[in-house]
Each structure stands twice: as C-alpha cells, then as structure tokens.
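Biologist: Could you take me through this structure step by step, with the reasoning behind each answer?

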Protein chains: 6
Amino acid sequence: MARSDGRSPEQLRTVRIEKDYLIHPEGSVLITMGKTKVICTATIEEKVPPFQKGSGKGWVTAEYAMLPRATGTRTQRESTRGKQQGRTMEIQRLIGRALRSIVDLQRLGERTIWIDCDVIQADGGTRTAAITGAFIALHEACAKLLQKGSIQQTPLLQQLAAISVGKVNNQLLLDLCYEEDSQAEVDMNVVMTGDGKFVELQGTAEGVPFSRQDMDGMIRLAQKGINELLEIQRKIINK
Amino acid sequence: MARSDGRSPEQLRTVRIEKDYLIHPEGSVLITMGKTKVICTATIEEKVPPFQKGSGKGWVTAEYAMLPRATGTRTQRESTRGKQQGRTMEIQRLIGRALRSIVDLQRLGERTIWIDCDVIQADGGTRTAAITGAFIALHEACAKLLQKGSIQQTPLLQQLAAISVGKVNNQLLLDLCYEEDSQAEVDMNVVMTGDGKFVELQGTAEGVPFSRQDMDGMIRLAQKGINELLEIQRKIINK
Amino acid sequence: MARSDGRSPEQLRTVRIEKDYLIHPEGSVLITMGKTKVICTATIEEKVPPFQKGSGKGWVTAEYAMLPRATGTRTQRESTRGKQQGRTMEIQRLIGRALRSIVDLQRLGERTIWIDCDVIQADGGTRTAAITGAFIALHEACAKLLQKGSIQQTPLLQQLAAISVGKVNNQLLLDLCYEEDSQAEVDMNVVMTGDGKFVELQGTAEGVPFSRQDMDGMIRLAQKGINELLEIQRKIINK
Amino acid sequence: MARSDGRSPEQLRTVRIEKDYLIHPEGSVLITMGKTKVICTATIEEKVPPFQKGSGKGWVTAEYAMLPRATGTRTQRESTRGKQQGRTMEIQRLIGRALRSIVDLQRLGERTIWIDCDVIQADGGTRTAAITGAFIALHEACAKLLQKGSIQQTPLLQQLAAISVGKVNNQLLLDLCYEEDSQAEVDMNVVMTGDGKFVELQGTAEGVPFSRQDMDGMIRLAQKGINELLEIQRKIINK
Amino acid sequence: MARSDGRSPEQLRTVRIEKDYLIHPEGSVLITMGKTKVICTATIEEKVPPFQKGSGKGWVTAEYAMLPRATGTRTQRESTRGKQQGRTMEIQRLIGRALRSIVDLQRLGERTIWIDCDVIQADGGTRTAAITGAFIALHEACAKLLQKGSIQQTPLLQQLAAISVGKVNNQLLLDLCYEEDSQAEVDMNVVMTGDGKFVELQGTAEGVPFSRQDMDGMIRLAQKGINELLEIQRKIINK
Amino acid sequence: MARSDGRSPEQLRTVRIEKDYLIHPEGSVLITMGKTKVICTATIEEKVPPFQKGSGKGWVTAEYAMLPRATGTRTQRESTRGKQQGRTMEIQRLIGRALRSIVDLQRLGERTIWIDCDVIQADGGTRTAAITGAFIALHEACAKLLQKGSIQQTPLLQQLAAISVGKVNNQLLLDLCYEEDSQAEVDMNVVMTGDGKFVELQGTAEGVPFSRQDMDGMIRLAQKGINELLEIQRKIINK
C-alpha cells in the first residue's frame, strides 16, 4: 500500500542539514526532513547549574518550541499562556537526556551547552529531527571549544541520531509524517548511537496495545533509518 | 549478587492494594510496593473536555503529585513554585495515556474520569505503582457507574499493570527501589495489558547506551513482574 | 438535640495520632479526628530565611494542602491552578504562627523546621487537627536534634493544641464535623498552650453576628476540648 | 505610661472620613486614622459569580492592596511579583466576609458589589480602617441603587465598624499605630455591628500566649472604640 | 468649536502639584491635571540592578499602576490577574527612560531611585502627568541625598515635563481629557527638557494616518503646554 | 564617515522578502534586512475577541518573539520565564496598531487575522522589518479571503512599511544595524502608509535629548527609506 507521499514503508523522507545556519550561535543547523523544519542551535555558557558547581563537570540541556504557525492551525504561544505545556517539557527533557548520554561531562569542563530546537514547520517527527540536528550543532560548538583550546579532547563519545517508526493501518512504517502519525495505532521514537546502541526507546500504543512481534519489527525499521541518518551526519561533519 | 533488600533479581517487592481507602472518591486505593506508597483515586465528573463535547465519548485523565516529604529530602510544593515540573507532567501524561488505552470511551459516555495519584512515600517505581493502583480505582468507579445504571457495559477492555526494570551494576533487575534506580545504567518502564500486549515501553540509558540483548532481557523480566501484578489485581477485583 | 454522628454537644470525635507514620521525615504523624485525616511532617533544614540570617535564631514555617479528593467533590490542584488559594494561605499562616508562639527560636539555632500538613480526608476541623498533629511531629524533630547533640535544650516552651467550636441551630457545639460546619451560624477556632493560655482565637459570624455570651460559651467548650487533646498528646510523647 | 503620640491607652487616633472622594465609583471614601489613609470604593456590577447565578441573591467581595510606598520601606508590587501575598489574601477575605455579614444578599438582588481598599499611607490598623471606611462606601452604593429604583429596600441590615486592640509592654491599648503594633505581645482585630454584636474576633499572640483576663480587657477596649467609630459613621451618613 | 470642559484648543487643564504628599517616601507628590490625579513617589535604595554593579553608576526605574476604580468602569487588579498588562509595561518603560535621560547616573552613584506612579483618578493624560509629577518627586529625593551629603552634586541635568496633544474632529488640541482622547484621530505624547529639547515623541494614528503638517502643528502645541508646565515646576521647586 | 558595513548614511541594507515561506499559514514571508531575519505569518481565524462580537467588524492583532539565539548572547525564553517582557509587549502592540490603521475592519468582517513575527536572527531594526514583512503576509491572507469569496473587497486601504533612523556619533543614519543602534544618541521608528502619511512615530533620546532640527532630519531620512521599501513591496505583490 502506497504512503501518502509515495514513499515505501522503509523509506526516510528527504533529509537536509544546513550547517552554520545562523551567525550568532556557537553551533547552528536547519534540519529538514520532508516538510518538517527545525532550527537547532548550541550555545556555550561558561557556568553550570548549582547541582554541578565545583564538580569539574559540565552540563548539556535542551529547550524545544514550535512557532505558532509551524502547525496546520495556529498554536497559542507558551509565553502568552504563561507556561510550557506538558508535551514541550517531555520533548525537551528527552532531547537533553539523549544528548547527555553521548557527552563526557568531565571533558566538557564546568560549562553548559544549551541546545535550542525551534520548529519552523511541523509535519511529524519534530522531536527526532531535533535530536538528529542538535547533534550536529553540538558537534560544531565542541569543535569551537577545541579550536580555542578551551578543552583538549572532544567531549563527544559517539554520534547520535533519532527516528520515529509506527504501525499505521496494520503496516509498519519508517519516519511518519503528520498525516500518518495522527492515524498510527502505535508510535515509537528511537534514539541510537553511532555504534548501534540504544539511548531511548519510547513506544506508545495509541488506542491499540501492540505485540512483541510488532515491537521487534519497529525496532528493526528504526535501526535501518538511523543508520542512514548517521551516514548523512558523517558527510556533514567531514565536509 | 544480593540486592540491598535481599530480593533476588527477578523478585517483586511486597505488593499490597487496599481498596476503598478513602470515603469520598468513587474509587480509591492505597497501593504499597515495598516502601513506596501511592494513594490512587478515581473521580467521575459528568462532563467532558471541550474537544470531546458532542462526540458521545468520554475521557480519562490523570494527575500525579508527591507530598513534600515523600522523598528523603523535602521537595518544594509545586503550588508554591507556581507550576508543575517537567517530571510531573511527563508522569501524569503517561498514566492518563496508559489508562485510556484500555478504556472504550464510547461505552463510558460523555463523562470524565479523573485519576489522582498522590505519592505519600517514595522509594522508586512511583509511576508504575500509580498505574497498577489506578487501574483498581478506575475499576471501582466503573463498577459504581454500572451499578447505578449510568452505563450498560463496563468500558474497561483489559486489565492494566506496570513495572520498572533496569540494569544495575551490569545485572538486570525487576522492580527497582530508589537506591537501585539512582545507580541504574538503564531504566525501563513497561505497561502491559491483561492479555500480554504492550501499552507503553520507555527505556532510557542513564549514561550508558544499551544493547539489543539487554533490552530483550529487561522486557522478559517486566513481563514476569507484570503477570504477578495482574494476578494480585484479579484477586482484589474478585473479592 | 442529637448530633449527626450521635455525639453530645461537648464531645470530641475519636482522636488518633500515629507517630512515625512515614520513613523519610524527621517527624511525622497521621492524625485522625473522626473522618478527618491529616499527615503532618516536620523537616529540619540547616539554614534560615534571609530575614533571620546572622541572628542566631531559627525559624518554623508551615505549609498546608488537601489532596484533590480529600473532599466530597474534587478540588482542583493548586499546582495546576498555578497558585495557592486564599484559604490555603490563611491556614498555613495560622499553623506557622501558632507553632512559633511556643518555640524558643534562639534555642533552635539557625535552622528551619518546615511543617507540612496534607489533608488526606476532610470532614471539618482540618486546620485545628493539623496544629494538634503538627505539634507532635515538631516534638519528634526536636527530639532528634537533641539526640544528635545539635541543640542542648528543647526549643519547645509549651504543648500546643487546637480545636473548633461553633453555634449550630442555636446550640453551642465542640469539634464540628463538615456537615455541622456548613450549617454553623458562628465558627470559632481556638489554639491554646499546655498551661491554658491563648495563642489564637478566630471567631467568625457566618451570616449571624454573635453575642458576648455566645463567645464566652464557645471559649469554655474549646478549653474543655483542648484539655482532652493535650492529654492525648502527653500520652503519645511519653510513650 | 504615655503612648508615642501622646494618646491615653483607651483613646482612638483622629478619625476622618471624606465621602465622595473619587468621581467614578458608585461609592468612595478616604478614611484617615492618624497617619493611616485608605481609599475605599464600592463598585456595582450587574452580575454575580457562578456559584450565585440563578439564586436571586447578590454578592459582596473585597480586594485590598497597598501602594509600594504606603510603608516605611518600599514594598514590591504584587503585580510585578506575579501574585498576591498571603497577608493580602487574608485581609481581603476578612473585609469581604465582614461586610457580607451585614448585607441581605436577597435584597441586593443578582448583582455584585466590589469593595476596593487601597492603602495610600500605612501606620497600623489598615485592615480595620478599611472595614470602617468600606461600610460608608457600601452605604453610598446602596443609596444609589435605592435612588435609581434598582432595589426597593436597603440590603444593609446593620452598621459595621472595626478596630485593633493589643497588649504592648504589658499594657492594653486601643487602636495601635505601627510602632506599637510591631512591639505588641498580643494583637486583636475586632469587627462589630451597630447593635453591639461580634462579626469577627481575631486575637493572635505575637510571641507571648495571653490569658483569659487579657482577652476580656481587650474586648472591652474594642467595644469602646467601635462605639465611637459607629457614632462618626452615623454623622456622615446622616449629613 | 468649544471643548467639553470649555477650554480653548491650546489651553492646559488646571494643574496642581502637592509636594510632600506622603510621609514615608524620600520624594512624593500628588499631581492633579483637571480630573486626572496621580501620586508620584521617589524611593532611594542603596543598591543597583546586576547590570550596573561595580560601574560606579546608579539607576532610575519606574513603575505605574491604576487603582481599580481610577476609571469609569472597574479595571481588574494586575495582582489578581497575575501579570502586568502591555499598556502598563509600555507606560512604565516610557517614564523610566524619560527620567533617566536627564539624570547623570555617575553623579547619582551606585544607588537606585524607584519612581512609583499610581493613578488615583484617570481622565486622560495619566502617563504625561506621571512624568511631570515624577520629576518633582525625583527632585525632592535628590535634594535629600545632597542634604545628607550622600552626593556632592545634583544628578539632575535638566527639568523634565510631558504633555499629550491630539487631533480630534479635525482640530488640534492640547492636553486631551479622556472623552477627547477616546475620539482622537491622532494621539501624541511629547516629553521635553527644560532647555527645549525632545526626550520622547510618540505619535500614533488612531485609525486615520496623519500628515506632516498635522505633526508640526501638534509639536508646536506640545511645546507651548510643556513650557507652562516647566514654569509651574519651577515655582514649586523654588518654594 | 563610513558605516561599519560600508553603507552611506542614507542607504538601506539589502532587503529581501520571500513570499509563501511556510506551507501552513494563510500568509507567510521571510523578510531579510541585512543580517536581520524575521518570519512573518498571517493566520485567519473565523472569530473575533469579545469586545468586537456582534459589531460586524473584524480584528487584526500581532505577536512578536525572538528565538533564544537570534541574539549575540542567548536570551532566556519567555515561556520558561513565565511571561512576556515589556519590550516584547511594546513591540507587538506597535505592530498590531500599525497594521490595524490600514485595515477596514468592517470589510474584513467578523474574523481575526493573527500576525506572528518571529525573529530568527537579530541585527537591529527587527520591529520595523516585522511591520514591513507582516504587511505582505497580511496581503496574502486577504488575497486568499477574496479568492474564496469570504470577502468582496480587500480590507487593505493602504500599503504599510516601517524603518528605523537614528543619530550616531552626531550623524543621522537610515536603517540602523545593531552595532549602530547600541551607540545611538537618538533612535526613531517610523511607520508610514503608501500615500506618505504617518501611522507611528516613536523618537527616543538614548541619553542625549534631541533638537527639532534633528527630528526633521530623521523624518526626512525615514521617508526616503520607506519609499524604497514600498517599492520593493509593490514588486512582490504584483509578481
């Protein structure tokens, strides 16, 4: 059965990562996956949160937001609403946690890297695109620290990329667009390292509980997609 | 290697579920898992959120909180802080989503069931204990609706229970207490239905990415633990 | 005229105070007065608020909250609402002020004792039950400080207990339950010390202004009830 | 022993109530008690809060605030702080409750009277001055309703006035100024009706618990002071 | 065409500035312009905001608010609403910026002067009245600093006054009252120094864009009005 | 004296307006002025705010924000801070007011057009770029309404564009970049219509009050710049 945009079930959308997208941040990319577009920036701050002070270790934290018209109908700004929504908090906690899993905070030293992921246009998979793009922004920021001699060794222990998979109309699909995501029976986000280990695995039954067999199928699809993303990242880094 | 409380790696803590714990709610339990204690209540409200109005369908939603001294050091109240923290939002979204996956909202009719999970004492696994206990509170509330003739058929399609598993000191463990959880390399929360399907699977590498083999081992442990919890639930329901 | 629960006008409800109710806090009790149940905890923090710094004196402060289904209909969480309500603030200010009146802050030294009163089940008289229970939790925490040698002398100058009295259907009653409270013409909360002095006296006409004679009658009733509570406290302390 | 401003222990400060102080409100006064100055306004709104809708009854509610430099050192604005403080909430709840006790809400009909008390200059006794002044503003607003024929009978059942009393340096004093209040061992606020009944009685031991005898002495002083305030109110109303 | 209050188009309303209006602040005035009444106070605080620390320079900042019944219909308190409105922020930023433009922050030294402008009664032109009055309050506060020897030279470089002008029914008018302001096609606020320079110029087309010729006419009117205000200020200062 | 980017004092930066920048909104552009980049979107909502209900008239309102790393150092998100800052409110009120001045709300009918201006990269002049870009987004949205037959006549009465001018190092400059803006003695934002009328004029002395002659010079520069912007807009509209 054909997908709405003509892809095969195991096919990623077109991925594009523009490095040095903005002039101010220490690292910045615009990542495009199909119609989903996310600006990811990395900011170096020469201090750490209170719980890390005096530890000799740094910190990596992330924030995530969507422009009001990133979506089909306008979403109220969280600044006007006066607080961040649960979905936003959940996503930014995921991004921060995932990135920290591949960073040696000791090597980073007592500084914080802020990752900001702002969705300019949303068509499904914004949180996984954010992680895949943020890795490149983080990589650029670390390269600047190395170049300035602020650190001696890159704190990045691994590459990191993420993708969504799901079950839609009884079929397992890779890299769901919004239309597919909104009909999915199961939705799974997978974050993996460059050496094929898992960092996060979040599978959710949207109405229909799923079997062990479905889980295995989705994980296999995710591994395939992430391998392609890691390859794209490597090309950009080595440019 | 023995666990801090003498359990074997595949052993649950002592579980106790007290039904009708409070006089006011339509359903209420105190669930105890080792030293973790959570009050779960179910409240029936004869209206639905705006997005569900006129649909003929009901809604199930959850809120989660901890008393300030549920924990070893005092946690500031979220009411004083002026907002809920990301962790709280993430947990209550999980609880609500998990419960909705086994409820037929059409059969429930245009009413909301509020699930409140308040942690009186925390020693790890509060979110999974909350789900396991909330299922019983929800079951009681549905029983009241049936008894009053407000609904003709139970909206509960399945039983639901949850457990945490993890990898600690290179060993896979079932039902982590706080001490184990704080040292875990990997932490996974699993929610399953009475017929052995998955509803939620959230695995997180706390510092060390994990292999496919570890994942499979943790899932097997979780299935074992959840089967025991489902059995305990059945005894309570059938009393 | 009989009361709804069969008590005589001058009779307290059944009072029960469970010491060491929770494992984490420095002091903790579950106080039950009829159907009203309040968890009171005392937390020692080795610092003081800014206005007390360098004074050599400590501080005692209280927070109060109700679980959403402590009440007959569900009350919205104050954390969701984004702020504490006026009633909550009024009650926690009362509890803190009352406890400070019997504490020698100099002897306590530069540390804070946080009192948390969380109502698990409400049936009238929650603020007075909170004070009576909090005294025991505070007593336990001070005993720990003495035992550890952090202080040389107990900072507690007196015992402290509280009760509500009121005028319902033209009759003066001791220890109002919710049903009585909601019909009361006058409602009075009284806080007294172990040596029979007044710490707080708050009488409010709910619709019908009251005479000097009614006031005197209510104060006499309150004194009687508080004497019984002080006796119960003494038994627990001396156990 | 002479008081700081030369008054005898049983003497009120100079009281002045300017009617029609502002052009916009339905009722407005500037009440001056010594150096304490409070603007009290009454606003008629032709609707009631949700809990009163369809009852045929009206509502009276109060808000209280202080200008930042009403006090000796600048107080941060509550609008900048983002919320009202506990003290403010406690005071405005007291004012609203006290006024409602002398209003027949049925006669008022389904409308709300908002009482706003804004302290321009504070020197102790602002909450009691606010009540005494608010009564006149409320009276003016009710007179306008009668005049317009919106109501047939005044909803005011009684006059209402309030005063503070206290024990300072072992002496009972009427109408404490700020300097006295800040040294008081006991502080009591009393609200009474025109026919000598009590509406509110709030006695607080500031450090030193007080005896029954002190309480009786303070109540006697308060009655004397309130009688004088009621007389001043009558002169203004009858002008 | 006559104005509603009988003034000629180029005529100010009656202006009155009462110095030393309150007892607590270092500077305070009540400024009355027609029916508009604003209390302006100046508070000296011996510290500066973080961005100014260690610079040797001081700071001047302003806050603005209206009493709920300063207006024809009651305005909700910003403290109840939980935040300041855009209009309030805009006005207080204008007042602070305008005052800073005539203050030598170096001469002021590392201290902050807080300007509080509270509108007691509003009838148009509250922000310009606030600036004109705040200058006098600021002048008083600086005089106190000089007198105490805290500073050697006045930090005030110029006088400062402000006025509104507008185009109503095709006619240019000075000092708009509320009725005129609400019908104005163009509304302009002008802030000028004692030596005839501009500090702020804010012209806004309320529905009808305006020509260069109108702009010139309004500026001329504003200059005339401000000259009269400067003269009034001088008389007060020299008293 | 050469400007930092080599421009002459009367020269605009390179302007680029990309129409249809995003897929979801009814109108959207990316406007680039030098290094300043703003996404402007227009959203049609088929309802109006309460104050406009039943009037037959529509509404136009604007919101403005900056990405955290639009600026040289990271700016905290307003959603994390819990509220919008004064600067943000001031700017979005300006944008909304300016756009409404050229819209016939009657012709728009009872619908709202939301304008969202999100600064992706900031280098001075973001508010004026937002207005110039928002006009095109608004124009696109109106074109869609006309095309669908929802309205019969365009509600746009005029073109609208804006520019900043200032005095830097004693020289009058058009279209200030951030470096110039931060050194400016005077800063003026001008909004004009296609027929050369003024809609907003906001001149601010940043430290040094300015003369009438400076004002006239700046207005002349602004008129020149705006004429060029209007020409650029016309080319885009007519494409």
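**The largest cavity and the contact of chains F and A**

Modeller: Before we begin, please keep in mind that this is a predicted model. The residues lining the largest cavity divide into 2 nonpolar, 2 polar and 4 charged.

Biologist: Which helix gives the largest share of the lining of the largest cavity?

Modeller: The residues that line this cavity include Glu90(A), Ile91(A), Leu94(A) and Arg97(A), while chain B is represented by Glu90(B) and Gln202(B). The largest share, 4 residues, comes from residues 86-100 of chain A, which form helix 2.

Biologist: How much area do chain F and chain A bury between them?

Modeller: The size of an interface is often given as the accessible area that is lost when the parts come together. Here 35 residues of chain F are in contact with 35 residues of chain A. Of the area buried between chain F and chain A, 51% is on carbon and sulfur atoms, and the total is about 2900 Å².

Biologist: Which strand of chain F gives the most to the side that touches chain A?

Modeller: Between chain F and chain A there are 12 salt bridges, one of which joins Arg77(F) to Asp116(A), with the closest N and O atoms 2.8 Å apart. On the side of chain F that touches chain A, two or more residues come from each of strand 3 (36-45), strand 4 (59-66), helix 1 (78-81) and strand 5 (112-121). The element that gives the most, with 6 residues, is strand 5.

Note on methods. Residues numbered from 1 in each chain as written. Chains lettered and ligands numbered in written order. Predicted model: local features only at pLDDT ≥ 70, side-chain atom pairs only at ≥ 80, totals over all residues. Heavy atoms only, no water. 1 Å grid on protein atoms, 1.4 Å probe; cavity = no way out; pocket = protein on both sides within 12 Å on 5 of 7 lines; lining within 4 Å. Nonpolar A, V, L, I, M, F, W, Y, C, P; charged D, E, K, R; others polar. Contact = heavy atoms within 4.5 Å. Buried area = accessible area lost by both parts, 1.4 Å probe. Salt bridge = Lys/Arg side-chain N within 4 Å of Asp/Glu carboxyl O.
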